[in-house]
2 protein chains.
Amino acid sequence: MTDHSHDWPLVRLGFIGFGIVGTGAYRVLDENLPAIQQKIGARLEVKRICVRSPEKPRPVQVDSALLTTDAHEVTDDPEIDVVCELMGGVEPARSYILRALEKGKHVVTANKELIARQGHGLLSLAAQKRLDFQFEGSVAGGIPIINTLKVALAANRIESLFGIVNGTTNYILTRMGAAGLTFADALAEAQAQGFAEADPTSDVYGYDAAYKIAILASIAFQSTVNIEEVFCEGLQRVDEPDIRYARELGFCIKLLAIARARGDRMDVRVHPALVPLDHPLASVANEFNAVFIKGSAVGELMLFGRGAGSLPTGSAVAGDIMETVRNVVRGSTGRVACTCFTRKEVVPIAEVETGYYARIRVEDRPGVLAEVARLFGANGVSLESVLQKASHADVAEIVWTTHRAPEARFRAAIEAISQSPVVHEVCNWIRVEEEMG
Amino acid sequence: MTDHSHDWPLVRLGFIGFGIVGTGAYRVLDENLPAIQQKIGARLEVKRICVRSPEKPRPVQVDSALLTTDAHEVTDDPEIDVVCELMGGVEPARSYILRALEKGKHVVTANKELIARQGHGLLSLAAQKRLDFQFEGSVAGGIPIINTLKVALAANRIESLFGIVNGTTNYILTRMGAAGLTFADALAEAQAQGFAEADPTSDVYGYDAAYKIAILASIAFQSTVNIEEVFCEGLQRVDEPDIRYARELGFCIKLLAIARARGDRMDVRVHPALVPLDHPLASVANEFNAVFIKGSAVGELMLFGRGAGSLPTGSAVAGDIMETVRNVVRGSTGRVACTCFTRKEVVPIAEVETGYYARIRVEDRPGVLAEVARLFGANGVSLESVLQKASHADVAEIVWTTHRAPEARFRAAIEAISQSPVVHEVCNWIRVEEEMG
């Protein structure tokens with residue numbers, strides 16, 4: 001084998017942010033550098049790393065001379081070719097990226113919130129300047145879902161995309177189901193295992209998943225998605241009995257991030273849903289993520305793997321860096337640009353059609369079941385199954401599932417049912433996704 | 001939206017072969033042309049299609065003036081930029097591709113046998129000439145496994161790769177397991193459903209899977225794989241009782257295509273194996289394919305989908321065409337070249353370590369079990385479980401599983417056991433893969 005490495009151009013990287021993802025990407029590059037350089041035909045050097053606290057102990061050893069607390073020493077360094085923004089959050093990340101693009105630098109980022117909120121503008125600016133802008137690490141960690149949608153499935157019309165894209169909530173739901181833990185205990189366990197952050201709000205309320213599905217929908221449907229229009233419900237309403245009853249009915253409960261083509265519009269939302277146990281997404285357990293895609297040509301395709309963590313997300317960032325450097329070396333940066341050519345509206349949740357599961361406490365006497373069923377029917381909601389559960393002290397708990405109906409109709413039915421004199425309480429209701437391609 | 005289409009360059013395609021895959025790729029391009037052209041910023045035109053029988057009825061309508069029976073009208077047409085070889089087999093496909101490359105044309109192919117046997121030479125020639133050479137459709141149909149290994153996971157050292165990459169045999173094994181069909185009945189059903197070819201030899205004997213795993217291993221380990229060195233065993237020895245006993249032990253039987261890093265060498269092979277029922281590959285049913293990857297950074301990753309068929313494979317070919325055209329338009333063809341920089345040997349099957357399942361008929365009397373166990377031990381094979389099954393007429397059927405051992409040792413043990421006077425017959429033995437990442 002001939003050593004061509006002395007002929008290879010040197011490409012210099014700058015990092016902004018050196019936490020879990022930043023140190024992960026650094027480690028991935030560092031541990032496999034000879035093979036990585038050979039594959040891209042270039043030498044790589046990390047020239048500068050912007051951190052908040054230079055003194056903080058880190059899981060990787062770097063020369064302290066590389067560290068700075070001033071992001072402009074990265075964005076403005078004329079020798080740096082590629083800026084890796086791995087700090088997260090909208091500001092100041094956005095300003096740093098804009099500055100880097102203005103200075104003619106290619107950008108790699110794993111910043112889901114920023115891409116979901118401002119991706120179109122940033123990508124358009126990069127495209128104008130023929131710069132690369134890569135963000136595979138922003139969705140589902142090491143799972144190459146963005147690359148798959150942009151390149152491998154590019155010839156398909158994407159019909160739907162169902163994702164389990166938040167590891168924390170999937171871990172919590174798995175443990176509530178398998179070990180019968182309460183939400184609080186499952187969350188504490190996830191935190192102890194390092195899957196959940198100290199402040200789990202963004203995960204538990206579904207915001208994290210909403211950013212991710214907004215990004216995937218924009219690529220799948222070639223339209224920017226206004227994140228404010230994405231309906232988002234977290235795990236707040238999932239109770240332990242619901243998980244148990246769902247299983248009896250042949251379902252598990254998953255926090256689904258959903259994007260479906262609906263004519264000229266798109267149906268983009270995040271919420272817990274009952275998923276049939278024999279669907280491939282049902283077997284995605286613990287902290288794992290998966291995206292189940294239905295494409296016009298490819299049919300059903302599922303990608304499954306680790307959706308977070310230092311090395312898996314570092315794998316995606318390092319892959320993006322390699323792709324960018326290939327383009328730098330061949331003068332083809334900006335080769336795959338933003339593909340949001342159209343403007344599609346998001347279907348309001350009231351018009352979205354799913355099936356529904358409802359758990360209702362009623363008086364335990366003849367005619368009550370018929371009355372509740374009548375109220376579903378009167379609102380145009382057709383029933384699929386009914387299951388009488390625990391009954392004591394003249395109160396029966398009844399579990400219903402319905403066929404698909406627009407959410408407005410189901411909510412009207414539930415409102416009427418909750419007002420009925422024979423009903424004690426509508427304990428809970430959860431959407432059901434039975435047809436996922 | 002501004003219509004820039006009149007500014008876009010025109011890129012002309014030529015097809016050689018217009019059967020299941022060729023017509024599939026054509027349909028995929030044709031049905032989604034406006035969006036496809038917009039994504040790549042180029043207009044596409046299929047200029048010529050080489051077929052064997054121009055009069056044959058086809059599932060897609062094409063202008064008969066495009067058809068020719070002379071492949072040189074495709075390879076030699078100075079207006080054609082990209083040649084899509086979709087006829088399959090080594091010759092004359094290889095000669096046509098060489099001719100196309102000599103004439104400066106980019107090549108897209110789905111020809112697994114050709115890539116497995118001659119890929120390195122063809123890719124090197126393309127790289128020399130800075131031409132694109134894409135072959136995503138050659139492995140696992142619409143599943144973007146080649147693109148994932150080459151781009152998204154490029155920064156990883158790939159540790160292992162376990163694939164179900166032949167839909168016909170997976171369908172047969174699924175139906176033998178779930179419906180208790182015989183091999184012959186399951187094969188007939190697969191043929192009736194269109195999953196198996198009239199001559200199923202290449203599928204059933206594992207050759208098809210061997211070509212595919214040779215291609216994946218060469219990308220994963222950066223070394224060409226000599227297909228003659230890939231151990232390959234098909235479904236010949238899988239019997240219905242083995243499927244039943246495997247399930248009792250917590251396994252299913254799958255035809256696995258395996259590639260593992262083993263120090264400076266690589267372990268590349270195809271054979272049926274017992275797979276734990278709780279492993280994600282166990283739930284890959286019917287005609288579906290999947291590849292389960294373990295990477296140094298990404299950890300476990302699985303891609304699941306339709307591994308064959310007109311539109312899924314057409315999806316991969318059309319994706320390759322789009323990627324090639326992006327490179328043509330940006331002058332960056334040959335951007336991702338062959339990455340076989342090293343020469344690694346394939347571990348001979350005698351040195352490969354797996355667990356084993358064995359079904360053995362013995363005399364039904366005290367001391368016999370101990371004698372068989374002694375013969376395993378004397379050959380350095382350590383036992384994991386033993387299960388006494390049906391016993392009649394003084395003959396007992398015993399099912400053993402072993403811990404991992406080099407195959408040479410297990411074969412020596414089985415040879416000694418089959419010679420033992422207390423043993424009636426070694427009915428069958430099958431490898432066990434318990435640790436897949």
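**Entry 1: Thr75(A)**

Before I start, a note to self: a residue is called buried when its relative accessible area is under 20%. I'm working with a predicted model here, so that goes at the top of the page.

I looked up Thr75(A) to begin with. Its relative accessibility is 0%, so Thr75(A) counts as buried. I found Thr75(A) in helix α3 of chain A, which covers residues 72–75.

Who sits around Thr75(A)? I skipped the neighbours within four places in sequence and got Ile16(A), Tyr96(A), Arg99(A), Ala100(A), Lys103(A) and Lys105(A) as contacts. I also noted a polar contact of 2.8 Å between the side chains of Thr75(A) and Asp76(A).

**Entry 2: Asp77(A)**

Next I moved along to Asp77(A), which lies in the loop between α3 and β4 (82–85) of chain A. Is Asp77(A) buried or exposed? I read a relative accessible area of 9%, so Asp77(A) is buried.

I made the contact list for Asp77(A) as well, again leaving aside neighbours within four places in sequence: Lys47(A), His72(A) and Lys105(A). Lys105(A) rings a bell, since Thr75(A) is in contact with Lys105(A) too.

**Entry 3: Ser95(A), Glu91(A) and Arg94(A)**

I went on to helix α4 of chain A (residues 93–102), where I found Ser95(A). Ser95(A) has a relative accessible area of 33%, so I wrote it down as partly exposed. Its side chain makes a polar contact of 2.7 Å with the side chain of Glu91(A).

Glu91(A) turned up again when I checked salt bridges: its side chain meets that of Arg94(A) at 3.0 Å, N to O. Glu91(A) has a relative accessible area of 43%, so I have Glu91(A) as partly exposed. Arg94(A) has a relative accessibility of 26%, so it also counts as partly exposed.

**Entry 4: other salt bridges**

How many salt bridges are there over all chains? A search of the whole structure finds 74. I picked a couple more to look at.

One is in chain A, where the side chains of Glu363(A) and Arg365(A) meet at 2.8 Å, N to O. I get 27% relative accessible area for Glu363(A), so it is partly exposed. Arg365(A) comes out at 44%, so it is partly exposed as well.

Another is in chain B: Glu425(B) and Arg361(B) form a salt bridge through their side chains at 3.1 Å, N to O. This pair links distant parts of the chain, with Glu425(B) in strand β17, Arg361(B) in strand β13, and their positions 64 residues apart. At 39% relative accessibility, Glu425(B) is partly exposed. Arg361(B), at 30%, is partly exposed too.

Back in chain A, I found salt bridges that share partners. They join Asp239(A), Asp242(A), Arg359(A), Arg361(A), Glu397(A) and Glu425(A) into one network.

**Entry 5: helix α13 of chain B**

Which residues of helix α13 of chain B (residues 368–378) are buried? I listed Val368(B), Val372(B), Leu375(B) and Phe376(B). Looking down the axis of α13(B), I see its buried residues fall within an arc of 105°, so they line one face of the helix. Ala370(B) and Ala378(B), on the other side of α13(B), are exposed.

What covers the buried residues? In chain B, the cover includes β13 (353–363), β14 (383–392), β15 (395–402), α14 (407–419) and β17 (423–432). I had already met two of those strands, since Arg361(B) is in β13 and Glu425(B) is in β17.

After α13(B) comes Gly380(B), and I noted its phi as positive, near 80°.

**Entry 6: chain A as a whole**

I zoomed out to finish. Chain A has 14 helices and 17 strands. Of its 437 residues, 58% count as buried. I also looked at contacts between residues at least 6 apart in sequence: 73% of them join residues at least 24 apart.

For overall size, the C-alpha trace of chain A spans about 85 × 45 × 40 Å along its principal axes. The radius of gyration of chain A is 24 Å, and a compact globule with 437 residues would be near 22 Å, so the two agree.

Last, I checked confidence. The mean pLDDT of chain A is 95, with 99% of its residues at 70 or more. For the complex, the predictor gives an ipTM of 0.95 and a pTM of 0.96. A reminder for my next model: where pLDDT is low, the predicted coordinates should not be read in detail.

Terms used. Residues are numbered from 1 along each chain as its sequence is written. Chains are lettered from A and ligands numbered from 1 in the order in which they are written. Side-chain values use heavy atoms; hydrogens and water are left out. Helices (H or I, at least four residues) and strands (E, at least two) are DSSP runs, numbered from the N terminus. Buried means under 20% relative accessible area, exposed over 50%, partly exposed in between (1.4 Å probe, protein chains only). A polar contact is a pair of N or O atoms within 3.5 Å; within protein, one must be able to donate a hydrogen and the other to accept it, and residues adjacent in sequence count only if both atoms are side-chain atoms. Contact means heavy atoms within 4.5 Å. pLDDT is the predictor's confidence in each residue, from 0 to 100. The arc is that of the directions from the helix axis to the C-beta atoms. A salt bridge is a side-chain nitrogen of Lys or Arg within 4 Å of a carboxyl oxygen of Asp or Glu. The radius of gyration is taken over C-alpha atoms; the globule rule is 2.2 Å times the number of residues to the power 0.38.
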